[in-house]
Each structure stands twice: as C-alpha cells, then as structure tokens.
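Please examine the structure shown below and follow the explanation with the model in view. The discussion proceeds from one pair of helices to another, with individual residues considered along the way.

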Amino acid sequence: MSTEALTAADLRDLTAMVHEVLADASPTESVDDASTAARVWAALDAVGVTRLGLDEERGGSGADLVAATDVLRVIGEHTAPGPLAETSLLGGWLLELAGLDQPDAPVSTGPSDVRAEREGDAWHVTGTVGRVPVLPDDGVATIVVALAQTPDGLGVVQLPELGVGTQVEGVSVVPGHNLAGERRDQITIDLRLPHLSPVPDTARTELELRGALSRAALAAGALRRTQELSLRYAGERVQFGRPIGAFQAVQQQLATLVAETAAASAVVEAAVRRVATEGFGTPASELAVALAAVRTAEASTTAATIAHQVHGAMGVTQEHPLRHATTRLWSWRSEWGSQSRWAELIADRAVTATGAGLWPLLTGVDTP
C-alpha cells in the first residue's frame, strides 16, 4: 500500500499546482455552469489529485490524508464544483475498504438507509442514498457507492453508472441542489445485485467522520476566499472620501473575520494531523473532527455575515464571487452532521471527563 506522507515542500508545490489548475478550469464567473464541474474534474484528474489518500495499487493517487485535505482547502477556496471530496475521502475510501479497484470516473456517496437481503445467488438491495454530489454533465458519469446494512453486518454496494438522463432499472434519481446550487441528488434503490462487499461495522461511523472533516476542510478554504474578497473590497470601496476599510467600525469587523478564518484553519489542521497519526477510530480523533466541524460552522456563520455587511447588497447578486463562497459555507455546515449534532458529542465528552479529566480533554495536553 502506497499512501506515504509528503514533505512540507511537496505539499506547498502540490497546493500551488492545484491553485494554478483551478484558476484556469474554474473561473469565478462560470462556477455554476453545468460544464464547469466536468472541466474541473478533467483538469484535476489529469494532474493526479482526484484520488489522493487512496492506494496506488488499486487505482488511487497515493499520498495521505494531509495531502488530500490540503487539496480540499484549495478546492474550497476556488469554490470549485463536483464530487471531489467524495472521490478521494468518501466514496473512493469505501471502495478501497471493500477491496475494490478505483474506477476512472468520479465516485460519490451520501448518508444512506440502504438494506440488503440475500435472495438466492444475489442481493436484494433497497433504500435511499441522500444528498449525493454528482457531475451535472452528459459526458461524464458518476459512480455511486453506498453502505448497506445486511443481516450479518455492513457491506458496500456499487450502483451502475449514473449520468444525466441515464435510466437504470431499479434506480430512481431525484435531482436536487444545496443552497449554493451544487448537485445533491436523492437516489432510491430497489434492485438485485450479484455482489456485495463486506466491510467492518466501524465503517458507518468513520464515513460520517470523513464526511464532516471533508466539509470542514472545504469550509476552511472558502473562508479564506471570503476573507480575501472582503479585505480587497474594503480597500477599494470609497465612502466619504476614503476607503471603507479606513473606518474603525469596519476594521473591527474585518479583524473578527480574519480571526474566525484563522481559528477555523487551525482547528481543521489539528484534526487532520490527529487523524493522520491515529486514524479515525480513536476517541481523540473523533473529538478532533467534532471540534473542527463545530468551529468551522461557527466561523462560517460569523464570517459570511460580516462579509455581506462589508459588501452590502452587491455581495448577494448572482454574478458576484462572494455569493459562491458564502452559500457554500452555509450549505457545508449542515452536511454530514449538523453543528448541533457535533456539539452534542463534544458536550457528552466533557460531561463524561469531569474534574481533572476536563482540561486535558479540551487542550490535548496531559496534566502532570
């Protein structure tokens, strides 16, 4: 298995390359175009970053979780569309866990209530996979995988390729979108499949943690974009003879925005480093991901509010780049677990720790 960590210099070069690729493939004015998602996928796939963190022997791109999430931050900063987090950290990971090879196409998944029962030499699979990101383009199909509950445990099912307008017997697709206009389809399944790959019972919990961490990493990038746009506009917009960024009230708001962005970035990095070291299966890793989910959600709310106050009505118009960032922040904070869901986990841990255990729980530093 080849998923080795990259050096700091390698990571800088990697993210610089992704910035350059996305600057060409995902211009701000066309982010919502259906063809942009396919163009972004093709451009990133050509440079080998769509399957980071996955085993090269099964069609992945190698590297590790740190590299994969660093690339997701850049994707979030460019508000690039498509199932990019799903192909590397979520759906692609499910395929690898099940011992299956990675396809050439994008791979996606979503929260599911799928069940599978043995019927002769096949599996009868029924249920729904919700909020599934797909490529909204006729030329590129998306491979959808899902966790299925069987009488003996969990398994991974791989659905037939789903493209725009594709009709598959036993599979019903209801197209949907999140607040940012990104595709989030609901897929209902009632079909027989010859094969179902068993996976450990911990897969469902890890998938949710991976989903939450992917959205936190994307949000950290979109927050950076929100900060950049707001600082630039405050320096350019002149009111009463000087830039609005020169007014103390605006400066205070911008300082809060910068602080929120930095805090979100720091907590995401801490969670990634913890998971990269320990895996997703430890209580410390679960807590770190929960903290990243809650902190980025809080930062998203505060930063988006400030950014739109600074920009005024202009920032919410269809063609303005700020809208692409803030609507994604609002959308991602409720995907793969709401802010309140992860806050409850943190609160439960704090209550359980009590007394002398609370400080090391919150800081990660053991007391002597």
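Helix 1 passes helix 3 in a right-handed crossing. In this predicted model, helix 1 covers residues 8-25 and helix 3 covers residues 65-77. The two pack at an angle of about 30°, and their axes lie 10 Å apart. Angles under 35 degrees count as roughly parallel, and helix 1 and helix 3 are therefore described as roughly parallel to each other.

Which residues of helix 1 and helix 3 meet? From helix 1 come L11, L14, T15, V18, H19 and L22, while helix 3 contributes V66, A67, D70, V71, V74, I75 and E77. Sorted by chemical character, the residues of this contact between helix 1 and helix 3 comprise 9 nonpolar, 2 polar and 2 charged.

The next residue to consider is S26, which is found in the loop between helix 1 and helix 2, the latter spanning 34-46. Is S26 buried or exposed? Its relative accessibility is 4%. Buried means under 20% relative accessible area, so S26 counts as buried. Leaving aside residues up to four places away in sequence, S26 touches V31, T36, V40, H78, T79, A80 and P81.

Attention may now turn to a second pair of helices. Helix 7, made up of residues 283-311, packs with helix 8 at an angle of about 155°, their axes being 9 Å apart. Angles over 145 degrees count as roughly antiparallel, and helix 7 and helix 8 are therefore roughly antiparallel to each other. Helix 7 passes helix 8 in a left-handed crossing. On the side of helix 7, the contact is made by S300, A304, A307, H308 and H311; on the side of helix 8, by L322, T326, L329 and W330. The residues of the contact of helix 7 with helix 8 divide into 5 nonpolar and 4 polar, with no charged residues.

Helix 8, which runs through residues 321-332, also contains T327. With a relative accessibility of 8%, T327 counts as buried, because that value falls below the limit of 20%. What lies 2.6 Å from a polar atom of the side chain of T327? The partner is the backbone oxygen of R323. When residues up to four places away in sequence are not counted, T327 touches L179 and A180.

Conventions
Residues are numbered from 1 along each chain as its sequence is written. This is a predicted model: local features need pLDDT of at least 70, side-chain atom pairs count only at pLDDT 80 or more; totals for chains, interfaces and linings use all residues. Side-chain values use heavy atoms; hydrogens and water are left out. Axes are lines fitted to C-alpha atoms, for helices over the stretch in contact, and angles run from 0 to 180 degrees between N-to-C directions. Helices (H or I, at least four residues) and strands (E, at least two) are DSSP runs, numbered from the N terminus. Angles under 35 degrees count as roughly parallel, over 145 as roughly antiparallel, 65 to 115 as roughly perpendicular and the rest as oblique. A crossing is left-handed if the near helix is turned anticlockwise from the far one by less than a right angle, and right-handed if clockwise. Contact means heavy atoms within 4.5 Å. Ala, Val, Leu, Ile, Met, Phe, Trp, Tyr, Cys and Pro count as nonpolar, Asp, Glu, Lys and Arg as charged, and the others, Gly among them, as polar. Buried means under 20% relative accessible area, exposed over 50%, partly exposed in between (1.4 Å probe, protein chains only). A polar contact is a pair of N or O atoms within 3.5 Å; within protein, one must be able to donate a hydrogen and the other to accept it, and residues adjacent in sequence count only if both atoms are side-chain atoms.
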